[in-house]
Amino acid sequence: MVSDIEWYVRQLDIHVIVQELLSPGAGLAAERLGLPWVSVATHPLPVIEGYKTWMPSSLWRWFEDDEIFRRLQLPARPGNLLGRISPYLHLIPATLNFVGKAYQLPAQAYCVGPLSWSPPLAQVPDWFHQICDSPTPILVGCSSINPSVFERTQTDLERYVRSAIEGLAGEPVTVIITLTEGLCPEAFTPLPANVRVEQFFPHQHLMPWLKAVITHGGWGLVGRALSQGLPLVIVPFGADQSVNAERCQQMGLGMTIPLKDISAASLRAAVRRVLDEPTYHIRSRAESETIHGLKPPEAAADLLETL
């Protein structure tokens with residue numbers, strides 16, 4: 001990876017390299033080329049070694065070998081490459097309020113808010129306006145990460161989806177469920193009249209019309225929901241999801257259901273509560289106002305231009 005990045009940098013006359021925290025090759029290439037580089041977290045955890053909470057040690061230990069530095073003719077450094085932030089600039093895609101003030105952030109770290117992007121819609125599907133024009137549309141999202149990474153099974157994922165279908169059937173809501181790898185819409189037919197299941201749809205395009213979001217708690221969808229001021233129901237599977245869920249519950253932004261407790265009844269009760277209790281909407285909108293005040297893409301771009 002390092003040599004490939006170096007080739008592109010030379011071809012395109014690049015002056016700054018931006019690296020996602022778990023892809024250390026870009027930062028190593030920048031060091032070899034004498035360029036400044038920026039690290040970007042994919043979650044709001046300021047704990048740099050958060051990957052150790054979910055990634056098997058057999059994987060992350062590969063990134064502790066000094067041989068990597070020797071082969072690249074770079075001075076060895078202590079610690080794991082997966083937890084290595086840039087000495088120039090590190091971006092955390094959350095508000096300082098969400099991260100919490102208990103953490104001492106390094107001087108080069110900035111909380112810029114969620115950095116969300118979705119591909120443009122090539123074609124608007126027929127069902128889109130039916131969902132968006134309904135009084136209470138709700139999104140149920142599945143994690144884009146294979147459940148085996150979290151030591152979960154496909155059965156866990158199916159139980160989550162079926163709990164949503166059965167629990168929200170006949171409720172005064174319209175439900176759009178997006179699936180992930182390994183699941184297909186046909187496996188969940190027949191469906192109640194108020195539920196639709198799609199293999200994939202860019203969530204960002206639904207956000208302005210939704211009233212609530214049900215998710216595993218990955219930061220991509222949680223960040224989008226909070227940016228829109230939507231209350232959440234979170235069923236965490238692993239990785240940073242449990243921490244995100246706990247923080248949302250602490251801040252009154254939503255409710256958490258442990259995976260072992262997920263059922264049609266528990267999900268229905270949680271959705272009713274976040275829809276009916278004004279506090280969840282008030283606090284979610286307040287976090288949304290904070291995010292929009294930061295102007296995340298512009299803030300990140302402005303910081304990049306200082307390098």
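Two rings of Phe, Tyr or Trp count as a pair if their centres lie within 6.5 Å. I start my notes with that cut-off, and I keep in mind that this is a predicted model.

**Entry 1: aromatic pairs**

I looked up the ring pairs and found seven of them in the structure. Phe98 and Trp219 make one such pair: their ring centres are 4.9 Å apart and the planes sit at 55 degrees, so I put the pair down as tilted. Phe98 belongs to helix α5 (residues 96-99) and Trp219 to helix α8, so this pair ties together parts that are 121 residues apart in sequence. Are these two residues buried or exposed? Phe98 and Trp219 are both buried.

Next I went to Phe128 and Phe201. Their ring centres are 5.8 Å apart with planes at 35 degrees, so this pair is tilted too. Phe128 sits in helix α6 (residues 128-132), while Phe201 is in the loop between β7 (195-198) and β8, so to speak a link between distant parts of the chain, 73 residues apart. I checked the accessible area as well: Phe128 has a relative value of 6% and is buried, and Phe201 is buried with 5%. Which residues form a cluster with them? Trp127, Phe128, Phe201 and Trp209 make up one aromatic cluster.

**Entry 2: the sheet**

I then traced the strands. Six of them form an open sheet, in the order β7-β6-β5-β8-β9-β10, with parallel pairing. At the edges I find β7 and β10 (254-256), each pairing on one side only. From one strand to the next the twist averages 15 degrees.

**Entry 3: strand β8**

I picked β8 (residues 212-215) for a closer look. On one side I see Ala212 and Ile214, on the other Val213 and Thr215; all are buried, so to say both faces are covered. Side chains in a regular strand alternate between the two faces of the sheet.

Which strands does β8 pair with? On one side, three bridges join β5 (residues 137-141) to β8, and the two run parallel. Ile138 stands opposite Ala212, and Val140 has Ile214 as its bridge partner. Three bridges also join β8 to β9 (residues 232-234), again running parallel. There, Thr215 stands opposite Ile234.

**Entry 4: helices on the sheet**

I followed the chain from β8 through helix α8 (residues 219-228) to β9, and these make a right-handed β-α-β unit. Helix α8 lies across β5, β8 and β9, and runs at about 170 degrees to β8. Helix α9 (residues 241-250) packs on the sheet as well, touching β9 and β10, with its direction at about 135 degrees to that of β10.

How values were computed: Residues are numbered from 1 along each chain as its sequence is written. This is a predicted model: local features need pLDDT of at least 70, side-chain atom pairs count only at pLDDT 80 or more; totals for chains, interfaces and linings use all residues. Side-chain values use heavy atoms; hydrogens and water are left out. Buried means under 20% relative accessible area, exposed over 50%, partly exposed in between (1.4 Å probe, protein chains only). Helices (H or I, at least four residues) and strands (E, at least two) are DSSP runs, numbered from the N terminus. Two strands pair if DSSP finds at least two bridges between them. A crossover is right-handed if, with the strands pointing away from the viewer, the path from the first strand over the helix to the second runs clockwise. Rings of Phe, Tyr and Trp (its six-membered ring) pair if their centres lie within 6.5 Å; planes under 30 degrees apart count as stacked, over 60 as edge-to-face and the rest as tilted. Axes are lines fitted to C-alpha atoms, for helices over the stretch in contact, and angles run from 0 to 180 degrees between N-to-C directions. Contact means heavy atoms within 4.5 Å.
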